[in-house]
Amino acid sequence: MRSKVFLLTFAFLSIFLAFAAMPNADAEELDLFGYFEPQFIFLYRDGESYQMNSDKLRVDLKRSVGGVEFGSDLIYTLYYGKKNWNILDFFSDDIRNEVPEGMQSYFLVEFKDTLYLDNVYIRMSNSRIACTFGKQQISPGTGYFSNPVDVFNSKDALDPTYEQPGQNGARLDVMLSDRINVMTLYSPIAGDWNGSGKLLRLKIGLGHFDFMFTGYEFKDYLTDFYSPPGISERRRLGGFEFVGELLGLGVWFEGAYNFMEISDDFYEFLVGTDYTFESGLYVLFEYQRNERGKTNYEDYNINDWLRFYLGENKTISRDQMYGMISYPMTDLINLQLLSVLSFNDGSAAIVPVIDYNIFENMDINVMGNIYTGSEGKVYNSRLGNGLVIRARVYF
Amino acid sequence: MLRKYLFVLVLIMCLELVAEDGEVKITAEDIIRTMTETLNPKQSDALMEMTIMTSSNQERTFVYKAYSKNKGEKSLMKYLEPGRVKGQTVLMLNNADDIWMYFPKTKRVRKLATHAKKQKVQGSDFSYEDMGSSDEFIDDYNSVLIGEEQRSEKLCYKLELTKKENSDAGYSRLVMWVEKETYIPYVISYYHEKDSNLLEKELFLSDVEIIDDIPTPMKMVMYNRLDNTKTSMSTKEVAYDVDLSDNLFTEMGMKK
């Protein structure tokens with residue numbers, strides 16, 4: 001660990017010095033910014049209470065020289081409190097009993113302190129074309145809680161706006177006209193052309209609507225507890241999205257059909273709507289259907305849970321409803337209520353949130369987690385009801 | 001740019017002369033049109049500072065670059081400070097009928113529907129509608145000239161604007177005092193959408209300077225009379241004699 005810390009610190013300092021030393025009359029000053037984020041999690045489950053805390057430091061560097069931009073960010077996270085968990089403890093007894101006693105230790109997870117370069121990229125652009133090479137943010141999709149066309153990131157529906165890790169790739173954005181854009185991406189995931197990710201995305205603006213078409217081919221992996229090591233196969237995704245306005249309401253749709261090499265083809269879609277009332281009250285609803293999800297909770301098995309937690313499947317149950325109500329109580333305090341409901345098993349998660357901009361560059365965020373479902377359902381209390389207090393100081 | 005200013009000046013002089021002859025009086029529509037022309041130059045590139053004074057007397061200051069084109073039909077705001085919003089960008093096209101927001105941490109662009117125009121900009125007393133809609137006084141309201149009044153030590157036209165039936169404007173009625181000489185609205189009173197007698201906000205413009213031949217209010221203060229808060233906006237730098245590319249007002253322009 002110590003040598004990794006040294007190497008990454010050395011790499012980041014080297015990038016910093018290279019950026020700072022870059023002599024050019026057109027260059028903007030080196031931009032150094034980021035945040036420090038302490039987080040406290042209190043969890044109550046099965047009659048026991050737990051604490052798991054973390055301190056996260058993110059340092060961003062950015063410098064532009066003419067049409068070339070260099071960017072990187074380093075994230076250092078320290079964990080305290082209960083750091084060792086067995087994933088099986090969160091599952092129902094039926095599912096836990098599927099795992100032989102001798103294999104249960106395989107499901108131990110330890111939160112270790114981490115230091116990594118989250119993004120490091122170079123972007124060359126003129127007014128119509130941009131090429132980006134390196135580890136970068138790639139976040140397609142119009143949905144708020146979940147994104148069927150986004151296979152790069154795995155959103156937490158209970159904290160959907162939290163930042164996502166960078167992805168390696170070479171990306172080309174071309175603006176064909178003011179409201180027509182094409183994006184291509186080559187992501188060398190498996191180290192060979194056939195296995196690597198190849199994405200083409202077209203965005204067209206028509207009137208008050210934006211339409212997006214996505215094609216993506218990549219090597220997908222699906223965990224299979226019953227026949228390890230799982231399924232590794234080619235996946236071809238065809239996606240369609242739109243976002244716009246109908247009868248004064250914001251409306252959007254995001255759908256994907258997945259052609260699988262070995263496993264069954266499946267579709268996934270999400271529709272959403274939102275509205276802002278005169279009082280400032282904002283409401284948002286989304287419905288998501290995932291053909292890979294199960295309709296009867298008694299059919300959920302360990303594969304469903306593992307694939308969900310590993311981000312391989314976006315949902316466990318087939319039909320989900322998401323809701324958000326947000327109200328600016330004062331200029332500095334915003335109240336939110338998020339809820340996620342599984343139509344198939346009737347369980348729900350409710351997340352009340354308070355956002356407080358306590359100082360100019362400091363936010364405090366308090367989130368509750370309340371699960372209503374009984375054991376075995378998607379949002380069951382065995383997952384642990386709790387409270388998250390997160391502060392973020394920007395510099 | 002000079003030609004446009006001269007055109008506006010000649011238009012103003014003609015309107016005044018005709019009115020003095022007593023044959024044709026200046027109409028409310030003429031005043032609103034000339035005022036809109038004055039407030040929305042063909043292009044602008046500005047550095048702005050917005051300070052919010054909350055009801056608990058706390059201040060929050062935002063610094064942003066503001067670009068506009070086609071007399072305000074296209075506009076783009078990019079936040080520079082504070083760090084928590086740095087890089088966030090708002091693009092408004094078609095007089096803020098189409099709004100996109102860019103979040104740099106996730107590199108995600110989100111399109112907002114027109115109802116979002118009612119939302120406060122960074123918790124301030126300005127809504128997106130207040131900031132981005134250049135032709136709202138013409139398109140969304142019927143205007144009547146009530147008379148002339150002294151306001152902020154300036155001789156002003158007093159106008160009343162009432163919301164058109166099919167308009168989705170966020171206010172039922174506006175009363176404004178437009179200075180006769182420069183056609184700058186020194187005071188605008190905004191009345192609640194549901195109650196046309198309930199004063200919701202008041203906007204005061206001041207410190208008018210001539211920049212690139214265009215009279216420019218360097219300071220604006222919006223008072224929210226219901227929440228007892230205020231937001232002041234000052235122009236730190238502004239240039240009108242600029243050539244802004246259309247490409248700036250695109251998704252790619254937001255990410256630059």
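**Exercise 1. A residue in a helix of chain B**

Decide whether Ile31(B) is buried or exposed, and describe its surroundings.

*Solution.* Start by counting neighbours: Ile31(B) has 22 other C-beta atoms within 10 Å. The cut-off for a buried residue is 20 or more, so Ile31(B) is buried. Keep in mind as you work that this is a predicted model.

Next, place the residue. Ile31(B) belongs to helix α2 of chain B. Leaving aside residues up to four places away in sequence, Ile31(B) touches Ile26(B), Leu145(B), Tyr157(B), Leu159(B) and Val178(B). Finally, look at a partner far along the chain: Ser143(B) is 112 residues from Ile31(B) in sequence, yet their C-alpha atoms are 9.5 Å apart in space.

**Exercise 2. The helix itself**

Work out how the span of helix α2 of chain B compares with the expected value, and list its buried residues.

*Solution.* Helix α2(B) covers residues 28-39, which is 12 residues. From its first C-alpha to its last it reaches 16 Å, close to the 16 Å expected at 1.5 Å a residue. Now for the buried positions: they are Asp30(B), Ile31(B), Ile32(B), Met35(B) and Thr38(B). When you find them in the structure, one rule is handy: an α-helix has 3.6 residues a turn, so residues three or four places apart point the same way.

**Exercise 3. A residue in a loop of chain A**

Find where Thr295(A) sits, and decide whether Thr295(A) is buried or exposed.

*Solution.* Look between β15 (282-290) and α3 (302-309) of chain A: Thr295(A) is in that loop. Then count again. Thr295(A) has 11 C-beta neighbours inside 10 Å, and the cut-off for exposed is 12 or fewer, so Thr295(A) counts as exposed.

Being exposed does not leave Thr295(A) without partners: Thr295(A) touches Arg318(A) and Asn344(A), not counting residues up to four places away in sequence. Arg318(A) is 23 residues away along the chain, and the two C-alpha atoms are separated by 5.6 Å.

**Exercise 4. Three strands side by side**

Trace how β18, β19 and β20 of chain A are joined.

*Solution.* Begin with β18 (residues 348-359) and β19 (residues 362-371), which run antiparallel and are joined by 7 bridges. These two strands form a hairpin with 2 residues between them. To check the pairing by eye, find Ala349(A), which stands opposite Tyr371(A) in β19(A).

Then move on to β20 (residues 385-394): 8 bridges join β19(A) to β20(A), again in an antiparallel arrangement. Here Val366(A) stands opposite Ile389(A).

**Exercise 5. Chain A as a whole**

Explain why the radius of gyration of chain A agrees with that of a compact globule.

*Solution.* Chain A has 395 residues, for which a compact globule would have a radius of gyration near 21 Å; the value for chain A is 22 Å, so the two agree. The C-alpha trace spans about 65 × 55 × 50 Å along its principal axes. To complete the picture, chain A contains 3 helices and 20 strands, and 28% of its residues are buried.

**Exercise 6. Where the chains meet**

Describe the contact between chains A and B.

*Solution.* Each chain is counted in turn: 33 residues come from chain A and 33 residues from chain B. On the chain A side, β8 (167-177), β12 (231-246), β13 (249-260) and β14 (266-276) each supply at least two residues. The largest share, 3 residues, comes from β14(A). Sorted by class, the chain A side has 10 nonpolar, 12 polar and 11 charged residues.

Key: Residues numbered from 1 in each chain as written. Chains lettered and ligands numbered in written order. Predicted model: local features only at pLDDT ≥ 70, side-chain atom pairs only at ≥ 80, totals over all residues. Contact = placed C-beta atoms within 7 Å. Helix = DSSP H or I, 4+ residues; strand = E, 2+ residues; numbered from the N terminus. Nonpolar A, V, L, I, M, F, W, Y, C, P; charged D, E, K, R; others polar. Rg over C-alpha atoms; globule rule 2.2 N^0.38 Å. Expected span 1.5 Å × (residues − 1). Pairing = 2+ DSSP bridges.
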